[in-house]
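Work through the exercises below with the model open. Try each task before you read its solution.

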Amino acid sequence: MKKLFATLATTTLVTMAAPAFAEQCLEVTLTGTQGGPPVFMGQAGAGTLVRFGDTENGCSDVLLQFDAGRGTTQQLSKARVPVGRLNAVFFTHIHSDHSEGLIDMAQLRWHFNSAGPKLDVVCSNDAKSPAGHILSCANFVGSIGDALISSGEMAQRLVENPKRLAGGPADLMNAVTFDPTNDPQVVWQKDDVTVSAVRSTHVPGHASYRVDTPAGSVVIGGDAGNDARKPPRATSTSDQVETLSKNADILVHSVIHPVMGPDGSTGFPPPIYFRQSTATDLGSLSDRAGVGHLMLTHLIPPMGAARQVPYPIDGGGLSKTDYVGAVREGGFSGGVTVGTDMATYRITK
Ligand SMILES: [Zn+2]
């Protein structure tokens with residue numbers, strides 16, 4: 001482990017105190033682990049906070065949020081991260097369960113931080129669905145305050161404080177869009193922290209990300225699944241995410257348990273099952289890619305849920321052991337976090 005000397009204060013007295021060490025750190029917190037739009041026991045919507053810094057500043061040099069589902073603002077407050085301090089938000093896709101938290105975050109940032117800096121919102125370019133409509137992250141970001149503008153709330157807040165940006169929260173957002181590609185491309189950078197992205201299959205425009213820092217690396221897969229949307233295929237996981245995960249210290253990925261599959265008794269719709277990555281296949285991917293630690297999130301079904309609305313789970317609900325067991329079946333022997341809200345994993349160097 002590489003240790004970094006912190007600056008030692010010069011004093012006139014010679015003390016025998018041990019020199020202060022600061023280690024560089026990468027910390028990953030699952031801000032929300034709910035899988036999909038349902039609610040269960042107050043779980044927050046999908047999201048992952050990635051922070052890099054050193055142990056003296058609580059890993060707080062760079063603060064990045066990946067997806068921002070329901071309740072993300074409150075979850076960030078538990079992690080002592082004001083939305084005004086986030087450097088960037090990244091979206092894997094703009095399904096509401098991954099994105100609706102931005103509305104609240106943007107409003108709060110506009111309310112107290114209109115002087116800036118703007119918040120980078122990184123996501124894919126407009127993507128056309130085979131059904132004909134356009135999935136547009138840029139439109140989502142550009143109209144983030146529209147309901148509040150329509151209601152007169154923005155005008156009221158501007159009267160209360162004219163220093164706020166006149167156009168509302170959208171004026172404080174800086175959309176950074178890109179065309180997701182099979183090979184990793186750098187989409188955001190600050191100092192020693194680099195974020196790369198790949199195309200991955202879920203809905204049009206879905207992307208997966210990798211953060212590389214001097215303390216380590218983390219991949220956020222989102223809801224990625226295999227390009228072949230149903231069997232026969234070698235795996236339910238994304239080949240591009242596997243490439244992105246090569247020797248990553250941490251992989252954060254949405255998961256579905258095999259009990260939801262067509263061989264089980266839940267009656268869960270096969271097309272929805274097949275588009276998610278199974279716990280077993282994520283174990284296999286992690287083993288092949290040399291991942292250090294796997295963090296399962298966006299659990300379908302949630303642990304302890306007697307049903308994935310409206311589909312009943314045999315035995316009244318799955319446990320942590322059920323998820324870890326499915327991962328081990330895939331051949332992964334590294335560390336596993338079965339996601340609960342605010343579960344955190346830190347690595348230092
Ligand atoms: Zn989702």
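**Exercise 1. Which residue stands opposite L30 in β4?**

Start with the ground rules. The model is predicted: local features need pLDDT of at least 70, side-chain atom pairs count only at pLDDT 80 or more, and totals for chains, interfaces and linings use all residues. Numbering runs from 1 along each chain as its sequence is written.

Step 1. Find the strands. Helices (H or I, at least four residues) and strands (E, at least two) are DSSP runs, numbered from the N terminus. β3 covers residues 24–32, and β4 covers residues 47–54.

Step 2. Check the pairing. Two strands pair if DSSP finds at least two bridges between them. β3 and β4 have eight bridges and run antiparallel.

Step 3. Read off the partner. T48 in β4 stands opposite L30.

**Exercise 2. Place β3 and β4 in their sheet and find its edges.**

Step 1. Recall the bonding. Sheet strands pair through backbone hydrogen bonds, either parallel or antiparallel.

Step 2. Write the order. The sheet is open and has seven strands: β10-β7-β6-β5-β4-β3-β20. Its pairing is mixed.

Step 3. Look at the ends. β10 (173–178) and β20 (344–348) each have a single partner strand, so one side of each has no neighbour in the sheet.

Step 4. Add the twist. Neighbouring strands are turned by 20 degrees against each other on average, direction ignored. Axes here are lines fitted to C-alpha atoms, for helices over the stretch in contact, and angles run from 0 to 180 degrees between N-to-C directions.

**Exercise 3. Assess the overall fold.**

Step 1. Count elements. The protein chain has ten helices and 20 strands.

Step 2. Test compactness. The radius of gyration is taken over C-alpha atoms; the globule rule is 2.2 Å times the number of residues to the power 0.38. The chain has a radius of 21 Å against the rule's 20 Å for 349 residues, so it is as compact as a globular protein of that length. Its C-alpha trace spans about 70 × 60 × 40 Å along the principal axes.

Step 3. Check burial. A residue is buried if 20 or more other C-beta atoms lie within 10 Å of its own, exposed if 12 or fewer, and partly exposed in between, with C-beta atoms placed from the backbone. Buried residues make up 49% of the 349.

**Exercise 4. Which residues touch the most other members of the largest nonpolar core?**

Step 1. Define the set. A nonpolar core joins buried Ala, Val, Leu, Ile, Met, Phe, Trp, Tyr and Cys residues through C-beta atoms within 7 Å.

Step 2. Name the hubs. In the largest core, with 84 residues, they are F90, V218 and L294.

Step 3. Inspect one hub. Residues are in contact if their C-beta atoms, placed from the backbone, lie within 7 Å. Leaving aside neighbours within four places in sequence, the contacts of L294 include L251, L282 and F332.

**Exercise 5. Review the unusual backbone angles.**

Step 1. Take the cis bonds. The P231 to P232 peptide bond is cis, with omega near 5 degrees. P232 sits in the loop between β14 (216–220) and α7 (239–244). I300 and P301 are also joined by a cis bond, with omega about 0 degrees.

Step 2. Take positive phi outside glycine. C59 has phi near 55 degrees, and M342 has phi near 75 degrees.

Step 3. Add their surroundings. C59 is buried, with 25 other C-beta atoms within 10 Å. M342 has 15 such neighbours and is partly exposed.

Definitions and conventions
Contact = placed C-beta atoms within 7 Å.
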